[in-house]
Amino acid sequence: MELLSAALDRIGPPDAEAVAAADALQLRLTKPPGALGALEPLASKLAGLAGVCPPPLPEPAAVAIFAGDHGVHAQGVTPWPQEVTGQMVGNFLAGGAVVNAFARQAGVSVTVIDVGVATGDSDYKVRTGTRDFAVEPALTRAEVVAALEVGIAVARNLVEDGAKALLTGDMGIANTTPAAALIAAFTGVPAEEVTGRGTGIDDRTLAHKTWVIEGALAMHRPDSADGIDVLAKVGGLEHAAIAGFILGGAAARVPVILDGVIAASAALAAVAIAPDSIHAMVAGHRSAEPGATIALKHLGLSPLVDLGLRLGEGTGAVLAHGLVASAVRVLHEVATFDSAGVSEK
Ligand SMILES: Cc1cc2ncn([C@H]3O[C@H](COP(=O)(O)O)[C@@H](O)[C@H]3O)c2cc1C
Ligand SMILES: O=C(O)c1cccnc1
């Protein structure tokens, strides 16, 4: 509990002066006002987070892939066998997954954290997968707190090692089911609207997955004002760890670039636990999972990249990183009308 309360103590509102300075600087740079669209408010938001204008360049960046398994896999919500989670952890470590290729392209480091895979050893493992939430709560509150603290510790360690941007990643066969359940619970939008096809399921399996989520929400009645309660009843270990990772980034006042639907569901939990953590969040991309769009709307975040990706692993966050860095670099490097001798209108 100590790591969590220490992080919560440090999360606060943005620095209004730094935001105003960034907004004012944008108007003096050699471009028409507003010409950089969404990148302008993004750079100002990061100034508010850092408390200084311009804010630090978000480099080096680190993607943390949190891996876990899911008891609800037993309900037939995904066509993939559970052992793929552990096998993909091996693939990430060997550098062979899509996220590894994207990260090499972007110059982002990759860290893999086994917070709840059914097999294998890990210092960070809270449990060998969740319980089946179609039958009983997925986790205890203590297990949720332990997973949150894994995320906080990983964020802290990466920042201590020099990371200036934290990117979320996930791996866990069946994890789009708890993601949809979390999004339904936090937003109040019906399961039917937030549940998606994950790795690619047919209409029958989608209807069954939706029914499983509806049943779990009706049985457990999670309290949307209590982030830990919702995570315990219908969440996952990687969802909780990612929520903690976001809180850890917010506590260190380092931007956290969210990946897809698992990150969006974790972000809802983070905001329920610490509303000011929203100021550290950047929506990396719009996942094809319908729940992702609903969650981002609820959070008031606009995704940077919209390519129809539906993979997870942190792939969308890694792609977005260059845009975030470009937005900040403008404030550092672009000449002003005065300094460049360019006439104003
Ligand atoms: C080979 C493979 C690589 C992946 N990388 C990410 N996911 C993604 O798909 C899974 C969630 O989808 P569902 O809920 O439908 O099971 C998660 O592991 C997620 O990280 C993968 C899935 C597979 C099969
Ligand atoms: O957007 C995601 O995060 C996603 C989508 C499908 C499967 N796994 C993850």
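Domain bounds here come from an automatic or database domain assignment. Residues are numbered from 1 along each chain as its sequence is written, while chains are lettered from A and ligands numbered from 1 in the order in which they are written. This is a predicted model, in which local features need pLDDT of at least 70, side-chain atom pairs count only at pLDDT 80 or more, and totals for chains, interfaces and linings use all residues.

**Exercise 1. Find the two domains and describe their contact.**

Step 1. Start with the bounds: domain 1 covers 2–55 + 330–340, and domain 2 covers 61–324.

Step 2. Now look at the spacing: the C-alpha centres of domain 1 and domain 2 lie 28 Å apart.

Step 3. The contact takes 17 residues from domain 1 and 21 residues from domain 2. Two residues are in contact if their C-beta atoms, placed from the backbone, lie within 7 Å.

Step 4. On the side of domain 1 that touches domain 2, α1 (2–10) and α3 (39–50) each supply at least two residues. The largest share, six residues, comes from α3. Helices (H or I, at least four residues) and strands (E, at least two) are DSSP runs, numbered from the N terminus.

Step 5. Sorted by class, this side of domain 1 has 13 nonpolar residues, three polar and one charged. Ala, Val, Leu, Ile, Met, Phe, Trp, Tyr, Cys and Pro count as nonpolar, Asp, Glu, Lys and Arg as charged, and the others, Gly among them, as polar.

**Exercise 2. Work out the strand order of the open sheet.**

Step 1. The five strands follow the order β2-β1-β3-β4-β5, with parallel pairing. Two strands pair if DSSP finds at least two bridges between them.

Step 2. Check the edges: β2 (109–116) and β5 (281–283) each pair on one side only.

Step 3. Zoom in on one pair: β1 (residues 61–68) and β2 run parallel and are joined by seven bridges. As an example, isoleucine 65 has valine 112 in β2 as its bridge partner.

Step 4. Add a helix: α6 (residues 141–160) lies across β1, β2 and β3 (165–171), and runs at about 160° to β2. Axes are lines fitted to C-alpha atoms, for helices over the stretch in contact, and angles run from 0 to 180 degrees between N-to-C directions.

**Exercise 3. Describe the surroundings of the two ligands.**

Step 1. Ligand 1 is surrounded by 17 residues, the closest being Thr78, Thr176, Gly198, Thr199 and Gly312. A residue counts as near if its C-beta atom, placed from the backbone, lies within 6 Å of the molecule.

Step 2. Two or more residues of this shell come from each of α4 (83–94), β3 and α7 (176–187). By class, the shell around ligand 1 has seven nonpolar, eight polar and two charged residues.

Step 3. Around ligand 2 there are 13 residues, and the closest are Gly260, Val261, Ser287, Arg310 and Gly312. Four nonpolar, six polar and three charged residues make up the shell around ligand 2.

**Exercise 4. Is alanine 174 buried or exposed, and which is arginine 221?**

Step 1. Alanine 174 sits in the loop between β3 and α7, and has a positive phi of about 85° although it is not a glycine.

Step 2. Alanine 174 is buried because 28 other C-beta atoms lie within 10 Å. The cut-offs are 20 or more other C-beta atoms within 10 Å for buried, 12 or fewer for exposed, and partly exposed in between, with C-beta atoms placed from the backbone.

Step 3. Arginine 221 has 10 C-beta neighbours inside 10 Å, so arginine 221 counts as exposed.
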